[in-house]
Amino acid sequence: MGDIAKDLTAGTAGGVANLIVGHPFDTIKVKLQSQPTPAPGQLPKYAGAIDAVKQTVAAEGPRGLYKGMGAPLATVAAFNALLFSVRGQMEAFLRSEPGVPLTVKQQVIAGAGAGIAVSFLACPTELIKCRLQAQSSLAEAAAASGVALPKGPIDVAKHVIRDAGTKGLFKGLVPTMGREVPGNAVMFGVYEATKQYLAGGRDTSNLGRGSQILAGGLAGAAFWLSVYPTDVVKSVIQVDDYKKPKYSGSLDAMRKIVAADGVKGLYKGFGPAMARSVPANAATFVAYEITRSALG
């Protein structure tokens, strides 16, 4: 099995682990990000993350926390094939000679390159996921207009293409790249830096699972700390109406969020995102490392 195939297989295992562990946190994050700003004197739909969990489970049952999982699950193989394969090819290009471990700076460059590639797959996938996850927040508006909400990922894609054509699936591509490129650069850089620190040098091949879990968790937290406001902008743009959009672009969305809610509006859902990032990314990297090691 070639290196690309090994990265594809190991990356898929990591992606599935990430999705199973992290999707409920992601659902709550998107619900908080996309809920409308309440009118003066009125309370928001969700008082916070715990309240969003309670309302979701009460209205939809525990499976409501996994709503929208079909879209990323269906594409997790392709997404992680790109992420880890492009990173692997970038590593091979940057490596001074075969078998030599990369520096942290080189891992940052490899992560950024992988981020560019995955943005084009992440954008339509996350648009479908976000529109499904935000349905409870959008239900009142849909009922008032007499429009039926889509019932699943394929139905969402059909609605989007009907309203905006195929290009509608790439709504939010700019903030998606603004998240994936620096986010993956930071994530892979922190992962490698932590491993090298724990190993006491650039050879990290003998690190135990506990060290990999720690490095993966810190890497995931670093990803969201570095790009979270961009993710909020991406989410509100992707759940925005196609026919009567509230936002004309990323900068307009950012200005309107800050005008309505202050800077804290750019951190809606930050708690669930951070709570998700540590276990989900730890699971991703450990699953990747175990599978990659088993493949040789």
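1. A quick definition to begin with: helices are DSSP runs of at least four residues marked H or I, and they are numbered from the N terminus. With that in hand, you can place S96, which sits in the loop between α3 (70-94) and α4 (104-133). Please keep in mind as you read that this is a predicted model.

2. Let us stay with S96 for a moment. Is this residue buried or exposed? Its relative accessibility is 63%, so S96 counts as exposed, the cut-off for that word being over 50%. You can also use S96 to get a feel for distances: S96 and V263 lie 167 residues apart in sequence, and their C-alpha atoms are 44 Å apart in space.

3. Now step back to the whole chain. The protein chain has 10 helices and zero strands. Reading from the N terminus, the order of elements is therefore easy to remember: α-α-α-α-α-α-α-α-α-α.

4. What about overall dimensions? The C-alpha atoms fill a box of roughly 60 × 35 × 35 Å along the principal axes. The radius of gyration is 20 Å, which agrees with the value near 19 Å that a compact globule of 296 residues would have.

5. Here are some totals for the chain. Buried residues account for 49% of the 296 residues. The accessible surface is about 13,700 Å², and 66% of that belongs to carbon and sulfur atoms. As for charges, there are 31 positive and 20 negative ones, and the mean positions of the two sets are 5 Å apart.

6. How do the contacts spread along the sequence? Take the contacts between residues at least 6 apart in sequence: 80% of them join residues at least 24 apart.

7. The UniProt record, an unreviewed entry, places the feature "repeat: Solcar" at residues 5-93, 102-197 and 207-294. Have a look at the stretch 207-294 in the model: the chain there is 76% helix and 0% strand, and its end C-alpha atoms are 15 Å apart.

8. Two buried residues are worth finding in the viewer. Q196 is in helix α7 (residues 173-199), and its relative accessible area of 14% is under the 20% cut-off, so Q196 is buried. Beyond residues up to four places away in sequence, Q196 touches L102, T103, V104, G201, R202 and T204.

9. The second is I257, found in helix α9 (residues 250-261). At 7% relative accessibility, I257 counts as buried. Which residues is I257 in contact with, leaving aside neighbours within four places in sequence? They are V232, V233, V236, G262, G265 and L266. For V236, the C-alpha atom is 9.2 Å from that of I257, with the two positions 21 residues apart along the chain as the separation.

10. Compare these with two residues in loops. P44 lies in the loop between α1 (3-34) and α2 (49-60), and with a relative accessible area of 36% it is partly exposed. Setting aside neighbours within four places in sequence, P44 is in contact with Q35 and P38. The C-alpha atoms of P44 and A112 are separated by 37 Å, and the two residues are 68 apart along the chain.

11. Last comes T166, in the loop between α6 (153-164) and α7. Its relative accessible area is 52%, so T166 is exposed, since the cut-off is over 50%. T166 and V227 are 61 residues apart in sequence and 27 Å apart in space, C-alpha to C-alpha.

Methods
Residues numbered from 1 in each chain as written. Predicted model: local features only at pLDDT ≥ 70, side-chain atom pairs only at ≥ 80, totals over all residues. Heavy atoms only, no water. Helix = DSSP H or I, 4+ residues; strand = E, 2+ residues; numbered from the N terminus. Rg over C-alpha atoms; globule rule 2.2 N^0.38 Å. Buried < 20%, exposed > 50% of the residue type's maximum accessible area, 1.4 Å probe, protein only. Contact = heavy atoms within 4.5 Å. Areas by Shrake-Rupley, 256 points an atom, 1.4 Å probe, with all protein chains shown as cover. Lys, Arg positive; Asp, Glu negative; His and termini not counted. Charge placed at Lys NZ, Arg CZ, Asp CG, Glu CD. UniProt positions renumbered as here; feature names shortened; annotations may be inferred.
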